[in-house]
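I opened this entry to look up three things: the fold of one chain, the contact between two chains, and one sheet. My notes follow in that order.

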Amino acid sequence: MDPTNVRKPDYFHKVVDCQWACPAHTNVPEYIRLIAQGRYTDAYLLNRESNVFPGVLGRTCDRPCEPACRRTRVEDKPVAICRLKRVAADLRDDVTALIPQAPKTKNGKRVACIGAGPASLAVANDLMPLGYSVTIFEKLSKAGGLMRSNIPSFRLPAKVLDDEIEMIVNLGVDVRYGAPVKSMKSLLAEGYDAVFVGSGAPRGKNLDIPGRYDSPRIHIGIDWLESVAFEHIEKIGEKVLIIGVGNTAMDCCRTSRRLGGKDVKVMARKPRKYFKASPWELEDAEEEQIEILINHEPVRFVIDDLVPGGKLVGMEFQRYESKEEGGKLVQKATDKIILPCDDVILAIGQEASFPWIERDLGIEMDKWDCPIVDKTTFQCSLPGVFFGGDAAWGPANIIWAVAHAHDAAISIHNHCNNIPLTDRPAHGMTLVSAKMGLHEWSYKNDYNSVGRAKMKHVDLVERFKSMKVEVEEGFDPEQTALEVARCLNCDIQTVFTEALCIECDACIDVCPLACLTIAPDGDEKTLRTRLTAPAMNLTQELYASAPLPQTKRLMLKDEDLCVHCGLCAERCPTAAWDMQKFDLFMPRAGAKT
Amino acid sequence: MSYIKKPAVRHPSLQANALGLTVRDYEGAMSTLCAGCGHDSVTAAIVRAFHELDTPPHLIAKLSGIGCSSKTPTYFVSGAHGFNSAHGRMPAIVSGAAAANRELTYIGVSGDGDSLSIGLGQMAHAIRRNVNMLYVIENNGVYGLTKGQFSASADVGSKSKKGEANTQSPIDPIMLALSIGATFVARSFSGDKAALVPILKAGIRHKGLALVDVLSPCVTFNDHEGSTKSYTHTRKHQLPVIEADFVPRRSPIETSQAPGTVQTVTMHDGSVVRLHKVAADYDPTDREKAWSFLHARAAAGDIPVGLLYIDEKGTEMHAGNKTVAQPLSQVPFEQLCPGSAALEALQQHYR
């Protein structure tokens, strides 16, 4: 087997699974260490570099990092990465003087962004310090996009959102509120150097079944949430049915509980395993006494015609029996049931829509009538027009929108400077020894077996008093101190120098997770059969050395279960193993190629 | 020396043995020996051997004397009985313990200083007596704890760290044991667990004293150029004579090897040691031939390794003394000490 090339950033980056899974590649272990040291402002700034909205994301992120967390490979639960981010955001000092500011002299380039959501704001955040003049067009009276209209304030207080938006707007961004873009053609005619479309996926899917248009008490989820956010709607009936079981449905049912809903049911067509909502959002909803019914498919709305104008009295469902056959869900229809209700909220998905883009501009559309956007450059078929966030490929989440924005900003910068869009600054990395003394390291290498901290919630009576009572209280100092100790410091890499190895087996003997093997050379498949313990995760590459000096065998490491305790390096008499801190360098717009 | 303990988390695929214990359950405290010490590898091999043999930890007694090697029983099987004796006196303590309680599995860990200098007489008599034990010598040719003076096993011409050559002839525990009637004699290398673990297992199962001389380099004082006990020198000069396979009782025995190259020896408990002859003219059951072969090879500068001699018909201490099957420690006091009248009668018998 060829020696593993650990000099290319991807190899060690993949060992930091949280960072690899994060669309914006946030340096999670490093910010957790900064929190452990009480350096909240530094932890916040490190977060902000990659994900721009740490305060918002510390409460609302979809957390792709947590299922990826390597702690789950040796224990049940991942590190509470997301809520630790919130700790940094909550306890930070004023960072105004510490974030990059726009230069006094502009570079003369004008960029228009459509929609003041996370994607456009993040684009502005990357481009303003480079001297660009950025104008954002927003249809509503406030910025934030879905962060404001779709995420209820009991999960994300307005103050947190306002602060992080202000940091960007205060760089000098020209935000035009109440200014929806109605025609791409006329916007293009205004002569901007580049246009970024970050208009999201603002159209909630409809459910066209009998009775749909016979009552005003049938709502589209995201529109209804927006009306609640802008205080156009302040109450709802006692009996509410939510159709759909995604994260929007969770926000709808919990909001209903606060606006007068007493008997709120979430109706799902499939069993729990197939739910789209994040497990923690389901738990939070159930804690608020919301019932989730599975195997119910909506058939029709039941309208009482005797009441003038028609009154919604219930909804009929087809019920199913579900079982799995050969890994596939098989549903058999059983009976029908009518559930009484005062209101129904449809939360069955959302999509992007572009009625305002004229079809003769050279912007090619696909069969779903969405623009065809290049996955690397984020440019559509019309040069100078870029897409990002939910507007690019349909609904995702905030952290994906931010990741898109960083890449789109690179493209916009290249476009405005006549650099080919494909000429993108490369990722880089640094590896620096973490050795501080004989057996002392610049990180805490002892494994702490403490369990995941439980987020404290405001009690039910208190939280239902107002939409504005934030449910999660955040971690207290004791919880924080223990939770940071759960991080395995996966960015402190085990790095091997074969020339130094005397094959004494010390590292192999001490490794608590049987990660290491010295074995005769062979192809990767053969070598995997020679490992000290069988690999549990075949997607994890083997770390293979060049032939060792004395016996020409190879040192092999299966990174999968490594807990980065550093004992291999401590027991190595020749420092052939060393613990080295891996830092990924993620270029931003304006970085040298 | 590490400041942290080995994390308790373990690989999910670790196999439990017949007692439901994983290999981690046979570990001991963190080693305080120098990083890279051969002794730590021997420790790891002992851990594996006991785990694979399904030995209940509370039925193991681990004993040692003084020296780097004698620290190692702390580092394996925390659940076992332990005894740290005076320098070189481990064999006497094991003899006494084994006499009192024949039920335990005894492992004595010693070094070239503890066994070949101060304790040479002790070791020799334990071999003569054929105490039922595994006797491991962690042999590195230097006194490590006192900063690297030549030990009794240092070869003539082997150089100290400062460059001085040793002039006194070495005591070879293998040749010594063969000459005084040992029934199980093996040599292995700490850097080769594939060979060491089966030898340790066979040694534990052997009825009588199993002497295993393990070349276990001292990384701090004897792993330099010019040393004949370094990792490099041992790897270059080791001569595999016999490769042993330990086959536990009731396991099927495969016979795919060409006839004549494999010899099997059945042990007292029914398990089998399969001896693969790497040197074709070698017979590990013939003491005289083995002695002259090993003598000649050693003179030529080779280090013969493997299960070098085995005799399953030898008489172990309890058999020789015709003691009762029940451990003496469990025999009621009245029977053990039947009183002065019985003593008087016994003495009359000898008059």
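I took two residues to be in contact if their C-beta atoms, placed from the backbone, lie within 7 Å. The model is a predicted one.

Entry 1, chain B as a whole. With that cut-off I looked at contacts in chain B with a separation of 6 or more, and residues 24 or more positions apart account for 72% of them. I then listed the secondary structure of chain B and found 12 helices and 12 strands. For the extent, I read the span of the C-alpha trace of chain B along its principal axes as about 65 × 50 × 50 Å. I compared the radius of gyration with the globule rule: chain B has 21 Å, and because a compact globule with 351 residues would have a value near 20 Å, the two agree. I also looked up burial, and 48% of the 351 residues of chain B count as buried.

Entry 2, the contact between the chains. How many residues does each chain put into the contact? I noted 29 residues from chain A and 25 residues from chain B. On the side of chain B that touches chain A, the elements that give two or more residues are helix 1 (38-52) and helix 8 (231-237) of chain B. Helix 1 of chain B gives the most to this side, with four residues. By residue class, I recorded the side of chain B that touches chain A as 12 nonpolar, eight polar and five charged residues.

Entry 3, a sheet in chain A. I traced an open sheet of five strands in chain A, with the order 6-13-7-8-9 and parallel pairing. Which strands are at the edges? I found strand 6 (218-220) and strand 9 (291-293) of chain A there, each pairing on one side only. Neighbouring strands of this sheet are turned by 20° against each other on average, direction ignored.

I followed one pairing further. Strand 6 of chain A pairs with strand 13 (residues 343-346) of chain A over three bridges, in the parallel sense. In this region I located A:Ile218, which stands opposite A:Val344 in strand 13 of chain A.

Entry 4, helices on these strands. Helix 12 (residues 221-229) of chain A lies across strand 6 and strand 13 of chain A, and I read its angle to strand 6 of chain A as about 90°. Helix 13 (residues 247-258) of chain A lies across strand 7 (239-243), strand 8 (263-267) and strand 13 of chain A. For helix 13 of chain A I noted about 170° to strand 8 of chain A.

Definitions and conventions
Residues are numbered from 1 along each chain as its sequence is written. Chains are lettered from A and ligands numbered from 1 in the order in which they are written. This is a predicted model: local features need pLDDT of at least 70, side-chain atom pairs count only at pLDDT 80 or more; totals for chains, interfaces and linings use all residues. Ala, Val, Leu, Ile, Met, Phe, Trp, Tyr, Cys and Pro count as nonpolar, Asp, Glu, Lys and Arg as charged, and the others, Gly among them, as polar. The radius of gyration is taken over C-alpha atoms; the globule rule is 2.2 Å times the number of residues to the power 0.38. A residue is buried if 20 or more other C-beta atoms lie within 10 Å of its own, exposed if 12 or fewer, and partly exposed in between; C-beta atoms are placed from the backbone. Two strands pair if DSSP finds at least two bridges between them. Axes are lines fitted to C-alpha atoms, for helices over the stretch in contact, and angles run from 0 to 180 degrees between N-to-C directions.
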